[in-house]
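Please look at the sequence and the 3D structure shown here before reading on. The report after them takes up charged side-chain pairs and then the nonpolar interior.

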Amino acid sequence: MNRKTMLVSVMMILALGAGAYGWASANTTNKNISQQKQELRIMASKNESLETQLEALKISNQVNHASSNSDSASKKANTTSSQSDNLTDTTQKITAMMNGLLQGMYSPKTATTMGQYEAMKPYLTGEAIQTFMPDRDTPISANGFQESTINDLRVFVTPQGDDYLLMARYELGNNKTNTNKKTTMIFQGTVSKDYKLAAFDSNRALSGVTP
C-alpha cells in the first residue's frame, strides 16, 4: 500500500470514528432530553398534586374555621338562652316572694304592727328584718287591712353580684271603702340569692287613686 492509499484509509477511519462519536453524542443528548422531559412531567405531576393538596388543606381550614365559628355561636346562643331561662326562673321565684310579702303587709291575720311584721318575716332577711321590725305592738288603725287586695303584680329584676335589684309594680285595692278604686304602687328594694327581701328602698303610690 503506497502512502497515498494509506492516507486515504486513515482519513476514512477518522471520518467513520467522528461519525460514530457524533451519533453516540446525539443519542446521549436525545436520551438526556427525554429524561429531562420525563423528570419535568414527574415534577409537574408532583406540583399539581402539591397544589391539589394545598387547595384541599385550604378548603379544610375554611371548613374547620366555619365549624369553629358555628360552635362558638352555638355556645354563645346556649349561654344566652341559659341566662335568660335562669332570669325567668328567678323572676318567678321573686314574684312569689313579693306576693307573700305584700299579702303580709296589707292583709295580716292579726291587725297589729307585730302581727303585720310576723306575716312579713318569712320573706325578709338581713337589713330588711330590722327595717320592718316594730318598736312595739300596736293596733293597725288604717282602713281595714284585711280588706286590701293585691292585683296585677309585675316584678322586674336586675342581677347585681349575688343579689338582685327589684322593682315591683302592683295595684292596691280596698274593698271596704270602694271596690272600683285602686292605687298603682311601686315597690323597690334588693333581694338576696335565697329570694328574700334583703334591703327596702321605697313603697309609694305612683299615680294616686284612679277610677
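What follows describes the salt bridges and then the main nonpolar core.

This is a predicted model, in which local features need pLDDT of at least 70 and side-chain atom pairs count only at pLDDT 80 or more, while totals for chains, interfaces and linings use all residues. Residues are numbered from 1 along each chain as its sequence is written, and side-chain values use heavy atoms, with hydrogens and water left out.

**Salt bridges**

A salt bridge is counted where a side-chain nitrogen of Lys or Arg lies within 4 Å of a carboxyl oxygen of Asp or Glu, and by this rule the model has four salt bridges. Three of them are listed in the table.

| Pair | N to O distance |
|---|---|
| Asp89 and Lys93 | 3.3 Å |
| Asp152 and Arg154 | 3.2 Å |
| Asp152 and Arg169 | 3.2 Å |

Helices (H or I, at least four residues) and strands (E, at least two) are DSSP runs, numbered from the N terminus. Asp89 and Lys93 both belong to helix 1 (residues 3-106), where they stand four residues apart, about one turn of the helix. A residue is called buried under 20% relative accessible area, exposed over 50%, and partly exposed in between, using a 1.4 Å probe and protein chains only. Asp89 is partly exposed at 33%, and Lys93 is also partly exposed, at 37%.

The side chain of Asp152 meets that of Arg169 in a salt bridge, and this pair links distant parts of the chain, since Asp152 lies in strand 1 (residues 148-160) and Arg169 in strand 2 (residues 163-174), 17 residues apart. Through salt bridges that share partners, Asp152, Arg154, Arg169 and Glu171 are joined into one network. Within this network, Asp152 is partly exposed at 38%, Arg154 is partly exposed at 43%, and Arg169 is partly exposed at 22%.

**The nonpolar core**

A nonpolar core is a set of buried Ala, Val, Leu, Ile, Met, Phe, Trp, Tyr and Cys residues joined through side-chain atoms within 4.5 Å. The largest one here has 24 residues, and those with the most contacts inside it are Ile94, Met98, Leu166 and Phe187. Two or more residues come from each of helix 1, helix 2 (113-120), helix 3 (127-132), strand 1, strand 2 and strand 3 (178-191), and the largest share, seven residues, is given by helix 1.

What does Ile94 contact, leaving aside its neighbours within four places in sequence? With contact meaning heavy atoms within 4.5 Å, the partners of Ile94 are Val155, Val157, Tyr164, Leu166, Val191 and Tyr195.
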